[in-house]
Amino acid sequence: MTGQAAGGHEMDATSGLSPGTADAGGPEPLLELVAARAAYGPIEVLHGVDLKVEAGSVLALLGPNGGGKSTTMKVCAGLLPLTGGDLRFAGRRVNGISAQDAARLGVCSIPEGRGIFANLSVRENLWVATGTGARMEEMEEAAYSRFPILGKRRNQLAGSMSGGEQQMLALSRALGSNPAVLLLDELSMGLAPMIVTQMYDTVAQLVAEGLSILVAEQFARAVLPIADTAALMLHGRVVSVGRPDEIEEQLSSSYLGG
Ligand SMILES: Nc1ncnc2c1ncn2[C@@H]1O[C@H](COP(=O)(O)OP(=O)(O)OP(=O)(O)O)[C@@H](O)[C@H]1O
Ligand SMILES: [Mg+2]
């Protein structure tokens, strides 16, 4: 199937950004924003964002409230159109791509707030996610072997589970579509420190399995140990990109008061 992106750009939505294939280690980043601008109505909130997620790596997008992290994630997931600049997947310009086509190409996002259905059970939540083409049996098998607690909770309403269990469910749903790039927005939000560590251990494992990850976090400490690169976002711009320890230093001097 061939999709038509805005600006008349042709793209083949079936080829995908498969991890561990010829793309990996190639010269092109898997996901890239170039001078990206985005707005809510008349108010521009991304003022020219440059960002690269290399194959098989974790990029941590850090910065204070309102800096534009979630907006950047929405743009990358095809949920919010660019008003300027470019969005590229594996070197291809895909401006105007729909969220559905982005998912088909292998870009999958877990939004802030996790995006699960509180009034559906764990199984039903997994079932909804099979809409992306995954088989229910495989989906359940993968989810319960990665997170055995979800197997025990399979008939429980998702909204009645702990924050950590909900995040495990959100991750399982996202992984069902076998993505190449995972966009995680505030994975640690509302979770106890021990659960945060456990979630990031899982993320590190996913990267070892070939996934590339863009993760936005307001609190850097959780994600920096597993990040390959970090970017600091302030007022709708990426103001600094570098090694996690370098960016952590800037973070503490710029707004965390350390
Ligand atoms: N749906 C929306 N409509 C209008 N303005 C919005 C909307 N979502 C976000 N904004 C504005 O866009 C700017 C960037 O917000 P965004 O949510 O991207 O920041 P963030 O870095 O994710 O912040 P946080 O750390 O609080 O999650 C903020 O000024 C915010 O008020
Ligand atoms: Mg946010």
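How many helices and strands does the protein chain have? In this predicted model, the count comes to nine helices and 12 strands. Of the 258 residues in the protein chain, 43% count as buried. The contact pattern leans on residues that sit well apart in sequence: among contacts between residues at least 6 apart, 69% join residues at least 24 apart.

Now for the sheets. Six strands make up an open sheet with mixed pairing, in the order 8-9-10-5-11-12. Strand 8 (107-110) and strand 12 (237-242) are the edge strands; each has a single partner strand, so one side of each is left without a neighbour in the sheet. On average, neighbouring strands of this sheet are turned by 20° against each other, direction ignored. Further in, strand 5 (residues 58-62) pairs with strand 11 (residues 229-234) in the parallel sense, over four bridges. One of the residues involved is leucine 62, whose bridge partner in strand 11 is leucine 232. As a reminder, strands of a sheet pair through backbone hydrogen bonds, either parallel or antiparallel.

Antiparallel pairing turns up around strand 3. Strand 3 (residues 31-40) is joined to strand 4 (residues 43-53) by eight bridges, and these two run antiparallel. They form a hairpin with two residues between them, and glycine 41 in the turn has a positive phi of about 60°. Strand 3 also runs antiparallel to strand 6 (residues 84-89), this time with five bridges. Leucine 31 takes part in both pairings: its bridge partner is valine 53 in strand 4 and phenylalanine 89 in strand 6.

What surrounds ligand 1? The shell consists of Tyr40, Val45, Gly63, Asn65, Gly66, Gly67, Gly68, Lys69, Ser70, Thr71 and Gln218. Sorted by class, that gives two nonpolar, eight polar and one charged residues. Helix 1 (residues 69-76) supplies the largest share of the shell, three residues. This helix is mostly covered, with seven of its eight residues buried. The buried ones are Lys69, Thr71, Thr72, Met73, Lys74, Val75 and Cys76, so Lys69 and Thr71 are both buried and part of the ligand shell. After helix 1 comes glycine 78, with a positive phi near 75°.Positive phi values also appear away from glycine. Alanine 90 is one case, with phi near 50°, and its place is in the loop between strand 6 and strand 7 (92-93). Is alanine 90 buried or exposed? Alanine 90 counts as buried, because it has 23 C-beta neighbours inside 10 Å and the cut-off for burial is 20 or more. Asparagine 178 likewise has a positive phi, of about 50°, although it is not a glycine. The loop that holds asparagine 178 runs between helix 6 (163-175) and strand 9 (181-185). With 17 C-beta neighbours inside 10 Å, asparagine 178 counts as partly exposed.

How values were computed. Residues are numbered from 1 along each chain as its sequence is written. Chains are lettered from A and ligands numbered from 1 in the order in which they are written. This is a predicted model: local features need pLDDT of at least 70, side-chain atom pairs count only at pLDDT 80 or more; totals for chains, interfaces and linings use all residues. Two strands pair if DSSP finds at least two bridges between them. A residue is near a molecule or strand if its C-beta atom, placed from the backbone, lies within 6 Å of it. Ala, Val, Leu, Ile, Met, Phe, Trp, Tyr, Cys and Pro count as nonpolar, Asp, Glu, Lys and Arg as charged, and the others, Gly among them, as polar. A residue is buried if 20 or more other C-beta atoms lie within 10 Å of its own, exposed if 12 or fewer, and partly exposed in between; C-beta atoms are placed from the backbone. Two residues are in contact if their C-beta atoms, placed from the backbone, lie within 7 Å. Axes are lines fitted to C-alpha atoms, for helices over the stretch in contact, and angles run from 0 to 180 degrees between N-to-C directions.
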